[in-house]
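Me: I have a chain in front of me and would like to learn how to read its features one at a time. Could we begin with the idea of burial and then work through the fold?

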Amino acid sequence: MPKKEIIKEVIHSTAHVRIGKSGISERVINEIKRQLDDEEVVKVKVLRSYLRVSGKRTKEIAREVAEKVNAIVADVRGHTFILVKKRK
């Protein structure tokens, strides 16, 4: 299945990973990396509790996470973003 179709499918599904109060922890990063290896496209939801604590916006968090897991931010909507694995 082409990546565009996979992204469309993921947009309408539930989030694979949630970032909560603990924030962008090593555990969260490892889980996103694992999901990217398996699926190549991962949907991440940022819970309001972390947005409040961090004072950051979803786009900033998406960029930060993408950098740490070596992925591309494909889409940001509300408190949710989609990451796509970079090609080697």
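Reply: A residue counts as buried when its relative accessible area is under 20%, as exposed when that area is over 50%, and as partly exposed in between. The model shown here is predicted, and of the 88 residues of the protein chain, 39% count as buried.

Me: Which elements of secondary structure does the protein chain have, and what pattern do they follow along the sequence?

Reply: The protein chain has four helices and four strands, and when one reads along the sequence they come in the pattern α-β-α-β-α-α-β-β.

Me: How should I judge the overall dimensions, and what radius of gyration does the protein chain have?

Reply: The radius of gyration is set beside the value expected of a compact globule with the given number of residues, and because that expectation for 88 residues is near 12 Å, the 12 Å of the protein chain agrees with it. Taken along the principal axes, the C-alpha atoms fill a box of roughly 40 × 25 × 20 Å. The accessible surface comes to about 5,900 Å², and carbon and sulfur atoms hold 46% of that surface.

Me: What share of the contacts in the protein chain joins residues 24 or more positions apart?

Reply: Among contacts with a separation of 6 or more, 62% are between residues 24 or more positions apart.

Me: Turning to the interior, how many residues are in the largest nonpolar core, and which of them have the most contacts inside it?

Reply: In soluble globular proteins, nonpolar side chains tend to be buried together. Here the largest nonpolar core has 20 residues, and those with the most contacts inside it are Ile19, Ile32, Ile61, Val65, Phe81 and Leu83. At least two residues of this core come from each of β1 (17-19), α2 (26-39), β2 (41-46), α3 (48-54), α4 (58-69) and β4 (80-85). The element that gives the most to this core is α4, with five residues. Apart from it lies another core, of six residues, which includes Ile7, Val10, Ile11 and Ile82.

Me: Which residues does Ile19 touch, once those up to four places away in sequence are not counted?

Reply: Ile19 touches Ile24, Val28, Val44, Lys45, Val46, Leu47, Tyr50, Ile61, Val65 and Phe81 on that count.

Me: Is Val46 buried or exposed, and which residues does Val46 touch?

Reply: Val46 lies in strand β2, and because its relative accessibility is 1%, Val46 counts as buried. Leaving out residues up to four places away in sequence, Val46 touches Ile19, Leu51, Thr58, Ile61, His79 and Phe81. As for distance, Val46 and Thr58 are twelve residues apart along the chain, and their C-alpha atoms are separated by 7.0 Å.

Me: Where does Val41 lie, and with which residues is Val41 in contact?

Reply: Val41 also lies in strand β2, and Val41 is buried, with a relative accessible area of 2%. Beyond its neighbours within four places in sequence, Val41 is in contact with Ile6, Ile7, Val10, His16, Leu36, Ile82, Leu83 and Val84. Between Val41 and Ile72, which are 31 residues apart along the chain, the C-alpha separation is 9.6 Å.

Me: What can be said of Lys33, and why does Lys33 count as partly exposed?

Reply: Lys33 lies in helix α2, and Lys33 counts as partly exposed because its relative accessibility is 35%. Not counting residues up to four places away in sequence, Lys33 touches Lys68 and Val69. Lys33 and Lys8 are 25 residues apart in sequence, and from C-alpha to C-alpha they are 20 Å apart in space.

Me: For a backbone angle, what is the phi of Glu40, and what is the phi of Asn70?

Reply: Glu40 has a positive phi of about 75° although it is not a glycine, and Glu40 lies in the loop between α2 and β2. Glu40 is partly exposed, with a relative accessible area of 36%. The phi of Asn70 is near 60°, again a positive value in a residue other than glycine, and Asn70 lies in the loop between α4 and β3 (71-77). With a relative accessibility of 48%, Asn70 counts as partly exposed.

Me: Finally, how far apart are the mean positions of the positive and negative charges?

Reply: The protein chain has 22 positive and 12 negative charges, and their mean positions are 6 Å apart.

Key:
Residues numbered from 1 in each chain as written. Predicted model: local features only at pLDDT ≥ 70, side-chain atom pairs only at ≥ 80, totals over all residues. Heavy atoms only, no water. Core = buried A, V, L, I, M, F, W, Y, C linked by side-chain atoms within 4.5 Å. Buried < 20%, exposed > 50% of the residue type's maximum accessible area, 1.4 Å probe, protein only. Contact = heavy atoms within 4.5 Å. Rg over C-alpha atoms; globule rule 2.2 N^0.38 Å. Areas by Shrake-Rupley, 256 points an atom, 1.4 Å probe, with all protein chains shown as cover. Lys, Arg positive; Asp, Glu negative; His and termini not counted. Charge placed at Lys NZ, Arg CZ, Asp CG, Glu CD.
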